[in-house]
Amino acid sequence: MKIAIVGDLHLADKEYADDVSYQSRHHYINQHEYVRKQINSLNENQPDHVILLGDLIDWFSLENIDFALEVFSKLQSSWDMTIGNHDVQLPVSHRPEHNKGVTHKDADATVNICRKKALAGWADRGICVQTRKVELGQASFYFLDSALGYISEEDQLWLIENIVNSSFNIIITHVPFPFEETIKLLKENHKDCLVYSQQNLSDQFIEKVLSSVNFIFSGHVHFTANYKESDAAVHFIKNANEPISDSKDNGIFYLEV
Ligand SMILES: [Fe+2]
C-alpha cells in the first residue's frame with residue numbers, strides 16, 4: 001500500500017488577507033496555487049492514502065477549515081490528518097494579551113476554550129483529529145495529538161497500553177519528539193527548542209516508543225531531516241506549501257506499508 005505523508009500546508013481563506021493577523025503571512029496566502037499543484041502531483045502519483053502532518057490551516061477559523069476542505073475536495077485519494085497548533089489556535093493578534101508571549105503549555109484556559117471550539121469545528125465536518133490508531137496495509141499508524149506542544153498524560157498512557165511491540169508501528173505527530181538529535185537540529189536551524197519540540201513526555205512513554213516503533217513522522221519545523229533513534233527512523237517533513245529552488249524535496253514523502 002502506497003502512503004503519501006505531507007508536511008504543513010497553512011491554508012487560509014483569502015478573505016483574511018487584509019486582516020492585521022495575516023500581514024506577515026502573505027507568503028502563505030499567496031501559495032494557494034502551489035498547494036493546488038501539489039494536489040495535482042498527489043493525484044498523478046496515486047497513493048492509496050494521504051496523511052497530513054498538521055497545520056493544514058493557518059490559524060483556526062471555521063472559514064479556514066472550509067477553505068482547506070474545498071482545496072482538498074480535488075484530492076482523489078482518501079486522506080486524514082494529525083492536528084497542529086495552527087489548526088486549533090487563534091492568530092496571535094486575536095489572543096488575550098497575557099497569552100501572546102508564552103509557550104502553548106503555559107497559556108491559560110482561553111487557549112483550551114479555543115481548542116475545544118476548533119476540535120468541534122473539525123469533527124462537525126467529519127475530520128477526525130484525535131489521538132487514535134489507524135491500520136493501513138501491514139502497518140499500524142498512531143496519530144498523536146501534540147498540537148499544543150505536548151501529548152496529554154492520558155494519550156501517553158493510551159499508547160503505552162495499546163501499542164504492540166511486534167507490529168510495524170508508525171507514529172504521526174505534528175510536533176517532534178525532544179530527542180537529543182532533534183534539539184541539535186533545531187539549534188542548527190535557529191528554532192526555539194521549547195516551541196519546536198514536545199515538552200512533558202514521560203520516561204516510560206519514551207522507552208515504550210523506542211522499543212516498539214519503526215518510524216516517527218513529524219511536521220511543524222518546516223525543514224527536512226532524518227536520523228535514527230534506537231531502531232526508529234525519525235523523519236521531519238518540510239512544509240509542503242512552498243517550493244525550494246534547486247530541490248526535489250516538495251514536502252511529500254512516499255512510504256510503502
Ligand atoms: Fe506547527
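This briefing covers the overall build, the core, the two sheets and one loop residue of the structure.

The model is predicted. The protein chain holds 9 helices and 10 strands. Four strands form one open sheet, and six form another. Of the 257 residues, 39% count as buried.

**Overall build**

- The radius of gyration of the protein chain is 17 Å. A compact globule of 257 residues would have a value near 18 Å, so the chain agrees with that expectation.
- Along the principal axes, the C-alpha atoms fill a box of roughly 50 × 45 × 40 Å.
- Contacts between residues far apart in sequence carry much of the fold: among contacts with a separation of 6 or more, 74% join residues 24 or more positions apart.

**Nonpolar core**

- The largest nonpolar core has 56 residues.
- Ile5, Ile171, Ile172 and Phe217 have the most contacts inside this core.
- In soluble globular proteins, nonpolar side chains tend to be buried together.
- Ile5 touches residues from several parts of the chain. Leaving aside neighbours within four places in sequence, its contacts are Ile51, Leu53, Phe217, Ile237, Phe253 and Leu255.
- One of these contacts, Phe217, is itself among the four residues with the most contacts inside the core.

**Four-stranded sheet**

- The strand order is β3-β2-β1-β10, and the pairing is mixed.
- The edge strands are β3 (78-81) and β10 (252-256), each of which pairs on one side only.
- Neighbouring strands are turned by 25° against each other on average, direction ignored.
- Helix α2 (residues 32-45) packs on this sheet and touches β1 (2-6), β2 and β10. The direction of α2 makes about 20° with that of β10.
- β1 and β2 run parallel and share 4 bridges. Ile5 has Ile51 of β2 as its bridge partner. The two residues are also in contact.
- Strand β2 (residues 49-52) is joined to β3 by 4 bridges, again in the parallel sense. Here Val50 has Trp79 of β3 as its bridge partner.
- The link from β2 to β3 includes helix α3 (residues 62-72), and the three elements make a right-handed β-α-β unit.
- In a regular strand the side chains alternate between the two faces of the sheet.

**Six-stranded sheet**

- This open sheet has the order β4-β5-β6-β7-β9-β8. Its pairing is mixed too.
- β4 (132-136) and β8 (225-229) stand at the edges. Each has a single partner strand, so one side of each is left without a neighbour in the sheet.
- Neighbouring strands are turned by 20° against each other on average, direction ignored.
- The partner of edge strand β8 is β9 (residues 232-236), and 5 bridges join the pair in the antiparallel sense.
- Within this pair, Lys228 has Ala233 of β9 as its bridge partner.

**A loop residue: Lys14**

- Lys14 sits in the loop between β1 and α1 (26-29).
- Is Lys14 buried or exposed? Lys14 is exposed, because 11 other C-beta atoms lie within 10 Å and the cut-off for exposed is 12 or fewer.
- The C-alpha atoms of Lys14 and Phe67 are separated by 8.9 Å. Along the chain the two residues are 53 residues apart.
- Phe67 falls within the span of helix α3 (residues 62-72), the helix of the right-handed β-α-β unit.

Notes: Residues are numbered from 1 along each chain as its sequence is written. This is a predicted model: local features need pLDDT of at least 70, side-chain atom pairs count only at pLDDT 80 or more; totals for chains, interfaces and linings use all residues. Helices (H or I, at least four residues) and strands (E, at least two) are DSSP runs, numbered from the N terminus. The radius of gyration is taken over C-alpha atoms; the globule rule is 2.2 Å times the number of residues to the power 0.38. A residue is buried if 20 or more other C-beta atoms lie within 10 Å of its own, exposed if 12 or fewer, and partly exposed in between; C-beta atoms are placed from the backbone. Two residues are in contact if their C-beta atoms, placed from the backbone, lie within 7 Å. A nonpolar core is a set of buried Ala, Val, Leu, Ile, Met, Phe, Trp, Tyr and Cys residues joined through C-beta atoms within 7 Å. Two strands pair if DSSP finds at least two bridges between them. Axes are lines fitted to C-alpha atoms, for helices over the stretch in contact, and angles run from 0 to 180 degrees between N-to-C directions. A crossover is right-handed if, with the strands pointing away from the viewer, the path from the first strand over the helix to the second runs clockwise.
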